[in-house]
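Thank you for making time this morning. I would like to walk you through one model, beginning with its sheet and ending with its charged side chains.

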Amino acid sequence: LITLDNYGIAAVELLKTYARIIGIPLETAVNFSELKRSINKYKDKELIFIDTPGINPHNQGFIKELKGYFAKLPNLQTHLVLSATTKEKDLIGILEAFKEICADDMGKSALKNALKKVVIKNSSDSFSPSKFTFSEGVLVIDHSPTTNLGDTKDRTAKIVKLLEGAL
């Protein structure tokens, strides 16, 4: 486990505890040189996890810096980590859309460059995906969380259409 999260209060201490519990080493890195050194140190391992700080989508400088780091790392797989407190019904369509769009490296790269933020809200008590929008890197899902719960096909199709249209 390598962390780049040197910003959060006690972030490294929390990860030290987590690493100790699961029996893995923890390295901290504050720049690309340290990240590369840590990766080389553990290159014989089957998996190396790189923890990044939670990023404000408006902090484009930091996002650009991280993208620069990761662009220089061969065979890097990037995974989206979502909050455990997010309601499952709010995420199903989004996850399905990401799965379809990210079926190949070209789609993953295009989506990574185009999508900056996802906003889930309920401003109109709507159950129709016609209220979903994608503009300037922000996907807005305006949907009532209590209607039409099991039917995700239309919502998924709308998200895929919006994102693919922007890529």
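Before I describe the sheet, let me fix one term, namely that two strands are taken to pair if DSSP finds at least two bridges between them. Please also keep in mind throughout that what you have in front of you is a predicted model.

With that term in hand, we can look at strand 1, residues 2-3, which pairs with strand 2 in the parallel sense over 2 bridges. If you want a landmark for this pairing, take Thr3, which stands opposite Thr28 in strand 2. The sheet as a whole is an open one, made of 3 strands in the order 2-1-3, with parallel pairing. Strand 2 (27-28) and strand 3 (50-51) are at the edges and have a single partner strand each, so one side of each is left without a neighbour in the sheet. As a general reminder, the strands of a sheet pair through backbone hydrogen bonds, in either a parallel or an antiparallel manner.

Let me turn now to helix 2, which spans residues 32-41 and whose buried residues are Phe32, Leu35, Ser38 and Ile39. Viewed down the axis of helix 2, these buried residues fall within an arc of 125°, and they therefore line one face of the helix. At the start of helix 2, a side-chain oxygen of Asn31 comes to within 3.1 Å of the backbone nitrogen of Ser33.

The residue I would like to spend most time on is Glu27, which is found in strand 2. Is Glu27 buried or exposed? Its relative accessibility is 11%, and because the cut-off for buried is under 20%, Glu27 counts as buried. Setting aside neighbours within four places in sequence, Glu27 is in contact with Leu1, Ile2, Thr3, Arg37, Ser38, Lys41 and Tyr42. Of these, Ser38 has already come up among the buried residues of helix 2, while Tyr42 offers its side chain for a polar contact with the side chain of Glu27, at 3.1 Å.

How many salt bridges does a search of the whole structure find? The search finds 3, and I will take them in turn.

In one of them, the side chain of Glu27 meets that of Arg37, at 3.7 Å from N to O. This pair links distant parts of the chain, with Arg37 in helix 2 and Glu27 in strand 2, 10 residues apart. Arg37 itself is partly exposed, having a relative accessible area of 43%.

Glu27 also forms a salt bridge with Lys41, where the closest N and O atoms are 2.8 Å apart. Here too distant parts of the chain are linked, since Glu27 belongs to strand 2 and Lys41 to helix 2, 14 residues apart. From C-alpha to C-alpha, Glu27 and Lys41 are 9.8 Å apart in space. Lys41 is partly exposed, with a relative accessible area of 48%. Through salt bridges that share partners, Glu27, Arg37 and Lys41 are joined into one network.

That leaves the salt bridge between Glu13 and Lys16, whose closest N and O atoms are 3.3 Å apart. Both residues lie in helix 1, residues 11-22, where they are 3 residues apart, about one turn of the helix. In terms of accessibility, Glu13 counts as partly exposed at 46%, and Lys16 is likewise partly exposed, at 43%.

Key. Residues numbered from 1 in each chain as written. Predicted model: local features only at pLDDT ≥ 70, side-chain atom pairs only at ≥ 80, totals over all residues. Heavy atoms only, no water. Helix = DSSP H or I, 4+ residues; strand = E, 2+ residues; numbered from the N terminus. Buried < 20%, exposed > 50% of the residue type's maximum accessible area, 1.4 Å probe, protein only. Arc of directions from axis to C-beta. Polar contact = N/O pair within 3.5 Å; in protein donor to acceptor, adjacent residues only side chain to side chain. Contact = heavy atoms within 4.5 Å. Salt bridge = Lys/Arg side-chain N within 4 Å of Asp/Glu carboxyl O.
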